[in-house]
Amino acid sequence: MLSAAEDFAAAVLVAVRFVNAARAPGVRGQLVRSATAVPANIAEAALLGTDPNFRRQLRIALASASESTSHLRLLMRAGAIHPKRATLCLGKAAVVCRMLTNLIRAIDEREGHAIERLRSPDAAP
């Protein structure tokens, strides 16, 4: 997942070199910050010791990826980025978002099962 997030961020860094900043002032910088935050937050999550902290950091990464897709769509609508470049980045973002969502869901389910076992000591593990 970290590799996919890094691929996404790298694609954004390449794409923003071709952004017409005059058509969307400030958005290019916001896109760079949100896109590069995705792999950074995943890497940070990997070092956290508990599921709640891990999940929280993954949710931050997911939010940053979502923010990035919003910026990319805005740049396309403003005609500030070539649609092919934006579409490439959006595709990579979608992959990362799916991976993050699935992992967060799996942690939630595992935690839910653990809570159910704590509530019902007779339940099978």
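Which residues in H3 are buried? The legends below take up this question and others, using a predicted model.

**View 1. Overall arrangement of the helices in the predicted chain.** The chain holds four helices and zero strands, and its pattern, read along the sequence, is α-α-α-α. Of the 125 residues in the chain, 33% are buried. Among contacts in the chain with a separation of 6 or more, 71% are accounted for by residues that lie 24 or more positions apart.

**View 2. Helix H3 and its buried residues.** Helix H3 covers residues 51-77, and for these 27 residues a rise of 1.5 Å a residue gives an expected span of 39 Å, which agrees with the 39 Å separating the end C-alpha atoms. The buried residues in H3 are Arg-55, Gln-57, Leu-58, Ala-61, Ser-64, Ala-65, Ser-68, Thr-69, His-71, Leu-72 and Leu-75. After H3 comes Gly-79, a residue with a positive phi near 70°.

**View 3. Gln-57, a buried residue of helix H3.** Gln-57 belongs to helix H3, and because its relative accessibility is 5%, under the 20% limit, Gln-57 counts as buried. When residues up to four places away in sequence are not counted, Gln-57 touches Asn-41, Glu-44, Ala-45 and Leu-48.

**View 4. Packing of helix H1 against helix H2.** Two packed helices are described by the angle between their axes and by the distance between the axes. For helix H1 (residues 2-15) and helix H2 (residues 27-46), the angle is about 165° and the axes are 9 Å apart; since this angle is over 145 degrees, H1 and H2 are roughly antiparallel to each other. The crossing of H1 and H2 is left-handed. On the H1 side the contact involves Leu-2, Ala-5, Glu-6, Phe-8, Ala-9, Val-12 and Leu-13, which meet Leu-31, Val-32, Ala-35, Thr-36, Val-38, Pro-39, Ile-42 and Ala-43 in H2. By class, the residues of this contact between H1 and H2 comprise 13 nonpolar, one polar and one charged.

**View 5. Packing of helix H2 against helix H3.** The axes of H2 and H3 cross at roughly 160° and come within 8 Å, and because that angle is over 145 degrees, H2 and H3 are roughly antiparallel to each other. The crossing of H2 and H3 is left-handed. The contact of H2 with H3 has 16 nonpolar, seven polar and two charged residues.

**View 6. Phe-8 of helix H1 and its contacts.** Phe-8 lies in helix H1 and, with a relative accessibility of 0%, counts as buried. Leaving aside neighbours within four places in sequence, the residues in contact with Phe-8 are Ala-35, Val-38, Ser-68, Leu-72, Cys-89, Lys-92, Ala-93 and Val-96. For one of these, Val-96, the C-alpha atom is separated from that of Phe-8 by 7.8 Å, although the two residues are 88 residues apart along the chain.

**View 7. Ser-3 of helix H1, with Pro-39.** Ser-3 is found in helix H1, and its relative accessible area of 47%, which falls between the limits of 20% and 50%, makes Ser-3 partly exposed. The C-alpha atoms of Ser-3 and Pro-39 are separated by 8.0 Å, while along the chain these residues are 36 residues apart.

Terms used: Residues numbered from 1 in each chain as written. Predicted model: local features only at pLDDT ≥ 70, side-chain atom pairs only at ≥ 80, totals over all residues. Heavy atoms only, no water. Axes fitted to C-alpha atoms, helices over the stretch in contact; angles between N-to-C directions. Helix = DSSP H or I, 4+ residues; strand = E, 2+ residues; numbered from the N terminus. Parallel < 35°, antiparallel > 145°, perpendicular 65-115°, else oblique. Left-handed = near helix turned anticlockwise from the far one by under 90°. Contact = heavy atoms within 4.5 Å. Nonpolar A, V, L, I, M, F, W, Y, C, P; charged D, E, K, R; others polar. Expected span 1.5 Å × (residues − 1). Buried < 20%, exposed > 50% of the residue type's maximum accessible area, 1.4 Å probe, protein only.
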